[in-house]
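Hi,

Here is the structure I promised to pass on. Have a look at it first, and then read on for what turned up.

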Amino acid sequence: WQATSTRADYWKSQPKKFCEYCKCWIADNKPSVEFHERGKNHQENVARKISEVFFFSNYIFLFLFKGQFCTTLHLYSRLKRKAWIKQKKRRELQRNLLRWRMQL
């Protein structure tokens, strides 16, 4: 009587795929990739990237022909900063609301 091994004779790593939008690694098989791409976080990241590219390319196109490329970059950075400040204020309000609820 001889015992048969159920494990492989050698170790083989599973291939992984890097998601450029989410900056994370996922298993490189169809179910895992589809599950990741259906996820809310991935879809939001893709939408954000597309809107940034579209927004930035439109401003470059509009201002490039007027010779105001530097103005375009400045406007873009100001708009990004405003969005960042707005998001920071929203997070601070949420934190304060959570603290207030904890005190009740």
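Before anything else, one term: a residue is called buried when its relative accessible area is under 20%, exposed when that value is over 50%, and partly exposed in between. Keep in mind as you read that this is a predicted model.

First, the overall layout. The chain has three helices and two strands, and from the N terminus on they come in the order β-β-α-α-α. Of its 104 residues, 11% count as buried.

Now to the two cysteines around the first loop. Cysteine 22 has a relative accessible area of 17%, so it is buried. Cysteine 19 is buried too, because its relative accessibility is 7%. Are they bonded or not bonded to each other? A disulfide is a covalent bond between the sulfur atoms of two cysteines. To be counted here, the two sulfur atoms have to lie within 2.5 Å. The sulfur of cysteine 19 has its closest cysteine sulfur in cysteine 22, but the gap is 3.7 Å, so that is too far for a bond. Looking from the other side, cysteine 22 finds its closest cysteine sulfur in cysteine 19, again at 3.7 Å and too far for a bond. The disulfide count by this rule is therefore zero.

Next, the loop itself, which joins strand E1 (16–19) to strand E2 (24–27). Glutamate 20 sits there and is exposed, because its relative accessibility is 53%. Its C-alpha is 9.3 Å from that of valine 46, although the two are 26 residues apart in sequence. Tyrosine 21 belongs to the loop between E1 and E2 as well. With a relative accessible area of 41%, tyrosine 21 is partly exposed. Its C-alpha lies 9.0 Å from the C-alpha of glutamine 43, which is 22 residues away along the chain.

Lysine 23 is also in the loop between E1 and E2, and its backbone is worth a look. What is the phi of lysine 23? The value is near 55°, which is positive in a residue other than glycine. For context, most residues other than glycine have a negative phi. Lysine 23 is exposed, since its relative accessible area is 58%.

On to the strands and what follows them. Lysine 17 is part of strand E1 and, at 36% relative accessible area, is partly exposed. The C-alpha atoms of lysine 17 and alanine 27 are 6.0 Å apart, with their positions 10 residues apart along the chain. Asparagine 29 comes in the loop between E2 and helix H1 (30–38). Its C-alpha is 8.7 Å from that of lysine 17, at a sequence separation of 12 residues. Asparagine 29 is partly exposed, as its relative accessibility is 34%.

Finally, the surface charge. Which residues gather in a patch of positive charge on the surface? They are Arg81, Lys86, Lys88, Arg90, Arg91, Arg95 and Arg99. Take arginine 90 as one of them: it is found in helix H3, which covers residues 69–103. Its relative accessibility of 46% makes arginine 90 partly exposed.

If you open the model now, I would start with the cysteine pair and then move on to the charged patch.

Cheers

Key
Residues numbered from 1 in each chain as written. Predicted model: local features only at pLDDT ≥ 70, side-chain atom pairs only at ≥ 80, totals over all residues. Heavy atoms only, no water. Patch = residues over 30% accessible without salt bridge, like charges linked within 9 Å, V, L, I, M, F, W, Y side chains within 5 Å. Areas by Shrake-Rupley, 256 points an atom, 1.4 Å probe, with all protein chains shown as cover. Salt bridge = Lys/Arg side-chain N within 4 Å of Asp/Glu carboxyl O. Lys, Arg positive; Asp, Glu negative; His and termini not counted. Charge placed at Lys NZ, Arg CZ, Asp CG, Glu CD. Helix = DSSP H or I, 4+ residues; strand = E, 2+ residues; numbered from the N terminus. Buried < 20%, exposed > 50% of the residue type's maximum accessible area, 1.4 Å probe, protein only.
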